[in-house]
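Trainee: I'd like to go through this model with you and ask how each label is earned. Can we start with how the helices pack?

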Amino acid sequence: MENKPQFHPAPDFIRTVAILLVVLLHTSTNYPMLYGEIDSIWVQIGNIISVPTRTAVPLFFIISGWLLLQKERESYGVFFKKRFLRLIPPFLFYLSFYYLWQIMYQGKQFTIRVILSEILNGRLYVHFWFVYAIIGLYLLVPVLRDLVHHGKRETQLYILALWVLSVSILPLLDNVFGLEINPPNVFYLTGYIGFFLMGYVLRDVTLNKKQITWVLGILVLCFALMAGLTAWLSAYHGTFFNYFYGYLNPLNVAASAAMFLLLKSIPFVSLYARFPRLQNRIKFLSAISYGVYLIHPLFILMVERGLLGFKVTAQRTAPWVGIPLLFGVSLALSVVLVAILRKIPGLKYFAT
């Protein structure tokens, strides 16, 4: 008998938080990256704001693992048709906006051969890497389903431990402590598969009030260490030290798990009873999150180039003005565009 996942309001809420954090990531990270080029106060404010956003992409992976791995029996054809039809057409649709941008504002010309080569080789705008990563994880879902439904929990935890050691601990020893360890020559359990598996392992965990306090403390400590170590090591090396901005560093792995558990443990029944309109807004933002993810960097670029009548850049705008303004404008325009596209007959499927 097939296991049917039960409805839970948390995925929509977590997905909404994740997309907001993604937009904030892309509107705040330029400040710390300009270490040594702009005022140090601006750098540190950007650093403090940017650090929590590193949990955004892991949250997307964790949610996907939570939802997709629960289902035990589903034919390969049905699964891949359902998932890739939701993933690939919107990706190609929004990608066309970026090619139009390059043609109209950068004077570039493209042949079909060049476009196909760039798509197949991933030589696109930087945020599109997520699409390629999630495709890889989708290809592994049938294997992971066998593991979680027919394997022991100890095996799942063992694989998670190996993953953390491989993608977090060994690179930490290499990047921070300079021990020159090359993980592939030791062993390498690669990529974001651990976040995917983490979503399933933590699926039934709901924190009580005491546990929420402890996990919240862990989350704050992780963020403080990430921001503090980034500032200290940047000063030590004389240039921006970006290791703790990586999604797979140990502190961010722990922070992402903590963030997931905290958001999942929100008392949604009482929350939505108190704010009845909130649930529909959360559902709407969750439903368009993929489209917002794909299109929002283009609006950020337009603001940075001054194409909307004003210009905001990390070089010239203080972060307490630039980050909220860039975040608000790019998010609002992305939401409005996707919402409009979804209302046009025949485009809802592509606009997502």
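Mentor: Sure, definition first: axes are lines fitted to C-alpha atoms, for helices over the stretch in contact, and angles run from 0 to 180 degrees between N-to-C directions. Helices themselves are DSSP runs (H or I, at least four residues), numbered from the N terminus. Keep in mind that this is a predicted model, where local features need pLDDT of at least 70 and side-chain atom pairs count only at pLDDT 80 or more, while totals for chains, interfaces and linings use all residues. Residues are numbered from 1 along each chain, and side-chain values use heavy atoms, with hydrogens and water left out.

Trainee: So what angle do α8 and α10 make, and how far apart are their axes?

Mentor: About 145 degrees, with the axes 10 Å apart. Contact (heavy atoms within 4.5 Å) is made by residues including L160 and W163 of α8 and L197 and M198 of α10.

Trainee: What makes α10 "largely enclosed"?

Mentor: Buried means under 20% relative accessible area, with exposed over 50% and partly exposed in between (1.4 Å probe, protein chains only). Nine of the nine residues of α10 are buried, so the rest of the structure largely encloses that helix. Those buried residues pack against α4 (56–68), α7, α8 and α12.

Trainee: Why is N249 called buried?

Mentor: Because its relative accessibility is 2%, and the cut-off is under 20%. N249 sits in the loop between α11 (209–237) and α12 (250–264). Beyond its neighbours within four places in sequence, N249 touches S168, M226, Y243 and F244.

Trainee: How do you know that the span of α7 agrees with what's expected?

Mentor: The expected span is 1.5 Å times one less than the number of residues. For the 22 residues of α7 (residues 129–150) that should give 32 Å, and the end C-alpha atoms are 32 Å apart, so it agrees.

Trainee: Where is the kink in α7?

Mentor: At V141, shortly before the proline P142, and it is about 50 degrees. A bend is the angle between axes fitted to the seven residues ending at a residue and the seven starting there. By that reckoning α8 bends by about 35 degrees at L165.

Trainee: And what makes a set of residues a nonpolar core?

Mentor: Buried Ala, Val, Leu, Ile, Met, Phe, Trp, Tyr and Cys residues joined through side-chain atoms within 4.5 Å. The largest one here has 98 residues, and W163 and M198 have the most contacts inside it. Apart from it lies another core, of nine residues, among them Y31 and W42.

How values were computed
Helix = DSSP H or I, 4+ residues; strand = E, 2+ residues; numbered from the N terminus.
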